[in-house]
Every structure is written in C-alpha cells, then in structure tokens.
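Here is a short briefing on the strands, the helix packing and a few individual residues. Keep the model open while reading.

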Amino acid sequence: LEGLRQILPLASKRQPLCRVEVNGALGLSVQNEADGTEASVQVGGSLEGRAVAVTINPHLLRDLLEGIRGDVLRVCFQDDQSAMLVEDPESSWFGLIMPLRC
C-alpha cells in the first residue's frame, strides 16, 4: 500500500488518469503533474484471472486507500468496463470505482 500511496499524489488534477494493469502483477501508472512524466509502481501479490487493464481517476483511488487500515488490499474487477472493488479484508471496509472511458 505504501507504494500506491506515494504515487497517487503525483497525478494531474486537470487530467486525472490512472492506468491499472494486472498481468502477473498489479501495476499503476499516473502522469506527474509537475513535469508531465509518467510515474509507475508495481505491486506484488496473489493474482487470479486473466490480464486486464482499466483507466480510473487516481484521486478517487487515493481517497479509497484512506479507509484501508491494514497492510493488505484486495482489488477485484472483471474487465475494463466494470466497476473496480477495493476492499480491506481485515475490516470488511470497501469502495467502488467506475472506470473512465478515454
């Protein structure tokens, strides 16, 4: 979670896009507002299902992470058109993020 919390504040406020990719690892990419470069982080974990990528608003994801108190995060989604479920398995806290159409 620390890697996610460090990268999300870099996201642009004018064009808030965050690419979430699952293909053997969970990857997050955001565009750095200060200089326009892309920042990314890879997060390990136990992943199930096929490779998928979805674009979301990084500020919404950052707000959802505020509710996570433990060290483990569960992210579930079926495809790039469905809502992403973000939950804290320790407390049963959860939130949903709808994908952006770009």
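Two strands count as paired if DSSP finds at least two bridges between them. Val20, for example, has Leu28 in β2 as its bridge partner. The model is predicted. The points below cover two sheets, one helix, one salt bridge and one loop residue.

**Four-stranded sheet**

- Four strands make an open sheet, ordered β3-β2-β1-β4, with antiparallel pairing.
- The edges are β3 (38-43) and β4, and each of them pairs on one side only.
- Neighbouring strands in this sheet are turned by 15° against each other on average, direction ignored.
- Strand β1 pairs with β2 through five bridges, in the antiparallel sense.
- Strand β1 is also joined to β4 by five bridges, again antiparallel.
- Glu21 takes part on both sides: its bridge partner in β2 is Gly27, and in β4 it stands opposite Ala53.
- Side chains alternate along β1.
- Cys18, Val20 and Val22 point to one face and are buried.
- Arg19 and Glu21 point to the other face and are not buried.

**Three-stranded sheet**

- Three strands form an open sheet in the order β5-β6-β7, and the pairing is antiparallel.
- Strands β5 (74-76) and β7 are at the edges; each has a single partner strand, so one side of each lacks a neighbour in the sheet.
- Neighbouring strands here are turned by 20° against each other on average, direction ignored.
- Three bridges join β5 to β6, and the two strands run antiparallel.
- Val75 has Val86 as its bridge partner in β6.
- Strands of a sheet, in general, pair through backbone hydrogen bonds, either parallel or antiparallel.

**Helix α2 and its packing**

- Helix α2 spans residues 58-65 and lies across β6 and β7.
- The helix runs at about 175° to β7.
- Pro58, His59, Leu61, Leu64 and Leu65 are the buried residues of α2.
- These buried residues pack against strands of both sheets: β1 (18-22), β2 (26-31) and β4 (52-56), as well as β6 and β7.
- They also pack against another helix, α1 (2-7).
- An α-helix has 3.6 residues a turn, so residues three or four places apart point the same way.
- At the start of α2, a side-chain oxygen of Asn57 comes within 2.8 Å of the backbone nitrogen of His59.
- His59 lies in α2 and counts as buried because its relative accessibility is 14%, below the 20% cut-off.
- Leaving out residues up to four places away in sequence, His59 touches Ala11, Ser12, Lys13 and Pro16.

**The salt bridge**

- How many salt bridges does the structure hold? There is one.
- The side chains of Arg74 and Glu87 form it, at 3.3 Å from N to O.
- Arg74 lies in β5 and Glu87 in β6, so the pair ties together parts that are 13 residues apart in sequence.
- Is Glu87 buried or exposed? Glu87 is buried, with a relative accessible area of 17%.
- Its partner Arg74 is partly exposed, with a relative accessible area of 39%.
- Not counting residues up to four places away in sequence, Glu87 touches Ile68, Val72, Leu73, Arg74, Trp93 and Phe94.

**A loop residue with positive phi**

- Where is Ser92 found? Ser92 sits in the loop between β6 (84-88) and β7 (93-97).
- Ser92 has a positive phi of about 65°, although it is not a glycine.
- Most residues other than glycine have a negative phi.
- Ser92 counts as exposed because its relative accessibility is 56%, over the 50% cut-off.

Methods. Residues are numbered from 1 along each chain as its sequence is written. This is a predicted model: local features need pLDDT of at least 70, side-chain atom pairs count only at pLDDT 80 or more; totals for chains, interfaces and linings use all residues. Side-chain values use heavy atoms; hydrogens and water are left out. Buried means under 20% relative accessible area, exposed over 50%, partly exposed in between (1.4 Å probe, protein chains only). Axes are lines fitted to C-alpha atoms, for helices over the stretch in contact, and angles run from 0 to 180 degrees between N-to-C directions. Contact means heavy atoms within 4.5 Å. A polar contact is a pair of N or O atoms within 3.5 Å; within protein, one must be able to donate a hydrogen and the other to accept it, and residues adjacent in sequence count only if both atoms are side-chain atoms. A salt bridge is a side-chain nitrogen of Lys or Arg within 4 Å of a carboxyl oxygen of Asp or Glu.
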